[in-house]
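Biologist: I'd like some help reading this one feature by feature. Could you start wherever you like and take me through it?

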Amino acid sequence: MPYHLTKSLDLLREEFKKLNSPQAVAALLEVDYKRLIYHLHKVPPSKRYTVFTIPKKSGAARQITAPISPLKILQKKLSFILSSVVDSKHSVHGFVRGRSIRTNSRVHAGKKYVFTIDLENFFPSINFGRVRGLFMAPPFKFNAETATILAQICTFENSLPQGAPTSPVVSNILCRKMDQQLSRLARNYKCDYTRYADDITFSTAKETFPKSIAFTLPDSKEPHCGDELSRIISDSGFTINAKKVRLIERCRQQKVTGLVSNEFPNVDRRFIRQIRAMLHAAQKFGFTAAEKDFHARYYNKLLKPGGKKPSFKKVLKGKIDFVGMVRGKLDRLYLKLIRKLQLLDETLVRAVPSEAWINEIKAALFVIDVHKPAEKPGVPTIEQGTGFLLKGIGLVTCAHVINERIGKLEVYQGADPSKLYDVDVSIEDLDADIAVLTIHGFTGPQLLQGDDGIVREDTEVILAGYPGYARGHSGTIGRGRVVGTNLHFDKKRMLIDAVIFPGNSGGPVLNNERRVIGIAAKGDGGQNSIVPISAIKEAMIRSR
């Protein structure tokens, strides 16, 4: 049986939509029909799945039902096809490419109230009948035979197995109606709603939390689910875990999918203290002794059959990488931790960002002073923006930075404002908000162009520029992430969570490979938008 599908994605989508028999399902998954039936019905249950437990944070055990290789291959293929056919709701952050616990937490950052609940026995509560009905209902509308064999591939012992590759995508599709109803409920009461697997979160900036979603009794601080919320979840075939209902105000630590979200998605302080303790143990006693003590403390019992105790080094590296995923790879705390690990064992860590490349970015930046018509008689108006040298293109900035200029542009680098460079405007495209200048008499670092086509939501970015420049300022290098896209006068723009302050317009936005993927533009209704760097090519074509 081939491990991967060989057909194109478009062909797979077409074949999936036309499924009309179990034989067609086998052909779609590129497996012989008799072999498919053999793995689903002839192989004993004990040979199809491995059942084991892993510890939860609470100390309880979570049962994992993992398929054996042949069935796992089939499920991976089906999972890939289902993920390609059905788009995920914006409110869903679990098991969706480009989304994570961080994107889920970010939605609820800085809110007055955060309300979280947990769906009890999430995967086990989705039985064979519900999965079969899912494939018979819109948008699939498969016949009974086709829906049955698809459900048989996805379920085991009358439920979705926690550990099967198909369970996440099937559960997300099954919850689409519930997600739509809960999103509408949130909008009606000016709240935000997200779901990450079985974790459901509502938040609001309002002074009071809507009672239709959650409330507390006068004589008790225990939160209870509101009638509208309870009805939607019950009608969707799920049960709320009464032990995991929490309504938290901003004055207390607010957690969403394990991350602190009071101001921005962050890791718990205890997690950082644990990393520091592990680094200290490795430095003082060596990795071998530290690993022995670590195993004795946390891995006395092996719960997975044939399992091995994890490498102390890999656990430590994984924890530090998690900090980097949450806080960003340019975060000072992350860099401090990863550099300590690099000093202990350089084989564990690839190149760590240094001050050298930060200086290289700044060396390609320019301040652009623009004289514009006076708002008051006799009072000159000077506005500032940022420009950057892009290899093979020239000095790039936003068109709105230099628009309505009077006289010459004053272009200089922040480190030496007394040295002005002559420039000519080569391209000024107001529709795309892109301007390209030819600079004379400068030889220095130039930034490289990246590919904005591969940028996805939650991609980490670097924002550089001269916001609020004054003599002596060296420029700023900030970090952020892509949070979405929008249209600005029919032109696509990407949205980032880093704030674009006045003076930063026209500055470069780079990826972690330090390649430019966008140009910082002025905010749209409070949103920080960037012009995709690929728009430069279109502007150059139009200017010919």
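Modeller: Let's start with Lys 255, which is partly exposed at 29% relative accessibility. Bear in mind that this is a predicted model.

Biologist: Okay, and which residue does Lys 255 form a salt bridge with?

Modeller: With Asp 268; the closest N and O atoms are 3.2 Å apart. That pair links distant parts of the chain, 13 residues apart: Lys 255 sits in strand β9, and Asp 268 in the loop between β10 and α12.

Biologist: Is Asp 268 buried or exposed?

Modeller: Buried, because its relative accessibility is 11%, and the cut-off for buried is under 20%.

Biologist: How many salt bridges does the structure hold?

Modeller: There are 22. One of them joins Lys 111 to Asp 192, with the closest N and O atoms 2.3 Å apart. Here the two residues are 81 apart along the chain: Lys 111 is in the loop between α6 and β3, while Asp 192 belongs to strand β4. Lys 111 counts as buried at 13%, and Asp 192 is partly exposed at 31%.

Biologist: Which salt bridge does Lys 408 form?

Modeller: Its side chain meets that of Asp 422, at 3.3 Å from N to O. Lys 408 is exposed, with a relative accessible area of 61%, and Asp 422 is partly exposed at 45%. Both are in loops: Lys 408 between α17 and β14, Asp 422 between β15 and β16. There's also a network of salt bridges linking Arg 102, Arg 106, Glu 457, Asp 458 and Arg 481.

Biologist: Let's move to sheets. How do I read one?

Modeller: The general idea is that strands of a sheet pair through backbone hydrogen bonds, either parallel or antiparallel. In this structure, an open sheet of 4 strands runs in the order β4-β5-β3-β8, with antiparallel pairing.

Biologist: Which strands stand at the edges?

Modeller: β4 (192-196) and β8 (246-249); each has a single partner strand, so one side of each is left without a neighbour in the sheet. On average, neighbouring strands are turned by 15° against each other, ignoring direction.

Biologist: How many bridges hold β3 and β8 together in their pairing?

Modeller: 4, in the antiparallel sense. To pick one residue, Phe 115 has Leu 247 in β8 as its bridge partner. Helix α10 (residues 176-188) packs on this sheet, touching β4 and β5, and its direction makes about 155° with that of β4.

Biologist: And how do I read the two sides of a helix?

Modeller: An α-helix has 3.6 residues a turn, so residues three or four places apart point the same way. Take α11 (residues 227-235), where Leu 229, Ile 232 and Ile 233 are buried. They cover an arc of only 95° around the axis, which puts them on the same side of α11.

Biologist: What do the buried residues of α11 pack against?

Modeller: Against β3, α10, β5 and β7. On the other side of α11, Asp 227 and Asp 235 are exposed. After the helix comes Gly 237, with a positive phi near 90°.

Biologist: One last residue: is Thr 146 buried or exposed?

Modeller: Buried, with a relative accessible area of 0%. Thr 146 lies in helix α8, and apart from neighbours within four places in sequence, it is in contact with Leu 19, Asn 20, Ser 21, Pro 22 and Val 25.

Technical notes
Residues are numbered from 1 along each chain as its sequence is written. This is a predicted model: local features need pLDDT of at least 70, side-chain atom pairs count only at pLDDT 80 or more; totals for chains, interfaces and linings use all residues. Side-chain values use heavy atoms; hydrogens and water are left out. Two strands pair if DSSP finds at least two bridges between them. Axes are lines fitted to C-alpha atoms, for helices over the stretch in contact, and angles run from 0 to 180 degrees between N-to-C directions. Contact means heavy atoms within 4.5 Å. Buried means under 20% relative accessible area, exposed over 50%, partly exposed in between (1.4 Å probe, protein chains only). A salt bridge is a side-chain nitrogen of Lys or Arg within 4 Å of a carboxyl oxygen of Asp or Glu. The arc is that of the directions from the helix axis to the C-beta atoms.
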